[in-house]
Amino acid sequence: MNRRRFLCDATFATASIAAAGGLTGCLHRAGKPAGVASASLPPNLSPNLPDDACHLAPVHVSADRVIRTVVGLRPYRPSGFRVERERLGETTVIHNYGHGGGGITLCWGTSKLALDLGAPGYTGPVAVLGSGVIGLTTARLLQDAGFAVVIYTKALPPDTTSNIAGGQWAPATVYDDPDSLSQTFTEQYLFACRFAYERYQILTPARYGVRWMRNYVLSRTPQEPPQPPAPSPPGKLTVRSATHPFRPEMKVIPQGQHAFGDLYCAQFDGMLIEPPLFLDALTTDFRIAGGKFVVGEIHTPAEIQALSQKLVFNCTGLGAKALFNDAELTPVRGQLTFLVPQLEVTYATIFEDTYMFSRRDGVLLGGTHDEGNWSLAVDPATVTEKLAAQAELFSHMRSCSVRRDGST
């Protein structure tokens, strides 16, 4: 898998889809420069859309500021996630797994697809397998639809892969070749993007950890102004034709009008979902609504058939590889390094094969995607590499000023 393509997918092509839920403007848009606190907002929802790109605080990058490094395995299928029905004797299984790097991004959307596939006509209690973000959002939508839900899981948050995710709204590493996707998957994907984009925008209480954030895409060579994609061929949907509407205020910023010195810069606005807050809120909501957890591991389809619930939603992520013999499912290893939090850094950057965004629990540095690698061990060489790349990026930062008419 090409790193440059991965980062492109994570920003331009897929940041538009990761916001899958189209109510714009539901979160407060700040009119203050970055780093200025707002008395009306909780600390974790400080302004993240600065008036201009000049007044940006640099990230302080050094090895002695590293507070932790984590490794997670994305459940990736080259043909895309699987939302599909299967019968096991008297039990109906609805699969909802294989989201690659887009699990948090697409969770509400694919969970809605799964709900609509399994719930109509069914009465009685329901089981969900897995308590990652896909399992939790599936369970919450089922509860909203009136079902009693039990989640069977081998681990609870914060000990799930979803807790290790970055949380930027961008369905990265969801599929391989966009030209080879089936029409069924494409329709599911576009629906999931739109539904999730809108759902996140109405989760305004601070406890969900959702906020708007400005992204700066940086390069050493000039960037072309963004153009609307070519329309899909008649009678055929494509993922490319659907990405443009999900990039609010996507534009190129001339040199001299941004703080990144001699680099070339484009910007767009997106959402950040902080996993520690979001998963904790989902777990709390699930329990308040009467949901129950059963901790243990299910190894075979026969064990699923033995459950008292006869409608089961399979949200086991990589676990589905062995549980349902999915030969296509493979890990894509990701490693994230966190620096000491900087509350004055309220933006994200994408530069070559690295990215940065600021969360309440630290400044996150990422940009790794090792397909087929099952190792959960931290690679110190990668930590050093990412620190060097980020230090080089922020060494370009220079002060600038922009007048109200947009000129320097």
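# A walk through the predicted fold

Just after helix α5, glycine 290 adopts a positive phi of about 95°. That makes a handy place to step into this structure, which is a predicted model. Let us look at the helix that comes before this glycine, and then widen the view.

Helix α5 covers residues 275-288. At 1.5 Å a residue, its 14 residues should span 20 Å, and the end C-alpha atoms are indeed 20 Å apart, so the expected and modelled spans agree. Quite a list of its residues is buried: Pro275, Leu277, Phe278, Leu279, Ala281, Leu282, Thr283, Asp285 and Phe286. Notice that the list includes Thr283 and Asp285 alongside residues such as Leu279 and Phe286.

Phe278 deserves a pause. Leaving aside residues up to four places away in sequence, phenylalanine 278 touches Cys107, Trp108, Val133, Thr137, Tyr200, Leu203, Arg207, Tyr208 and Ile273. Two of these partners, Trp108 and Tyr200, appear again with Phe278 among the residues that have the most contacts inside the largest nonpolar core. Tyr189 and Phe313 complete that group, and the core as a whole has 52 residues. Which helix gives this core its largest share? Helix α4, residues 183-201, does so with eight residues. Apart from this core lies another, of 24 residues, and Leu56, Ala259, Val345 and Phe351 are among them. As background, nonpolar side chains tend to be buried together in soluble globular proteins.

Now step back to the whole protein. There are eight helices and 15 strands, and 54% of the 408 residues count as buried. Among contacts with a separation of 6 or more, 80% are between residues 24 or more positions apart. The protein exposes about 16,800 Å², with carbon and sulfur atoms supplying 55% of that area.

One link across the sequence is covalent. The structure holds one disulfide, formed by cysteine 54 and cysteine 400, with their sulfur atoms 1.9 Å apart. Why is it called left-handed? The torsion about its S-S bond is about -120°, and that is why the disulfide of cysteine 54 and cysteine 400 is left-handed. Cysteine 54 sits in the loop between α1 (3-18) and β1 (66-76), while cysteine 400 belongs to the segment after α8 (380-394), so the pair ties together parts that are 346 residues apart in sequence. Both of these cysteines are buried. Two further cysteines can be placed in the same way: cysteine 193 counts as buried because its relative accessibility is 1%, and cysteine 315 counts as buried because its value is 7%.

The mention of α8 brings us to that helix. Its 15 residues should span 21 Å at 1.5 Å a residue, and its end C-alpha atoms are 21 Å apart, which agrees. Its buried residues are Thr382, Val383, Lys386, Leu387, Gln390, Leu393 and Phe394. Viewed down the axis of α8, the buried residues fall within an arc of 135°, so they line one face of the helix. The face turned away from that buried side carries the exposed residues Pro380, Ala381 and Thr384. The general geometry helps here: an α-helix has 3.6 residues a turn, so residues three or four places apart point the same way.

The loops have details of their own. Most residues other than glycine have a negative phi, and most peptide bonds are trans. With that in mind, look at the loop between β5 (149-153) and α4, where proline 158 lies. The peptide bond from proline 157 to proline 158 is cis, with omega near 15°. Threonine 173 is found in the loop between β5 and α4 too, and has a positive phi of about 55° although it is not a glycine. Is threonine 173 buried or exposed? With a relative accessible area of 3%, threonine 173 is buried.

Asparagine 325 also has a positive phi of about 55° without being a glycine. Its place is in the loop between α7 (320-323) and β11 (330-339). Here the setting is an open one: asparagine 325 is exposed, with a relative accessible area of 66%.

A last stop is methionine 250, in the loop between β6 (210-219) and β7 (251-253). Methionine 250 counts as buried because its relative accessibility is 15%, under the 20% cut-off. Its C-alpha lies 7.3 Å in space from that of aspartate 269, and the two are 19 residues apart in sequence.

Notes: Residues are numbered from 1 along each chain as its sequence is written. This is a predicted model: local features need pLDDT of at least 70, side-chain atom pairs count only at pLDDT 80 or more; totals for chains, interfaces and linings use all residues. Side-chain values use heavy atoms; hydrogens and water are left out. Helices (H or I, at least four residues) and strands (E, at least two) are DSSP runs, numbered from the N terminus. Buried means under 20% relative accessible area, exposed over 50%, partly exposed in between (1.4 Å probe, protein chains only). Contact means heavy atoms within 4.5 Å. Accessible areas come from the Shrake-Rupley method with a 1.4 Å probe; for residues, only the protein chains shown count as cover. A disulfide is a pair of cysteine sulfur atoms within 2.5 Å. A nonpolar core is a set of buried Ala, Val, Leu, Ile, Met, Phe, Trp, Tyr and Cys residues joined through side-chain atoms within 4.5 Å. The expected span of a helix is 1.5 Å times one less than its number of residues. The arc is that of the directions from the helix axis to the C-beta atoms.
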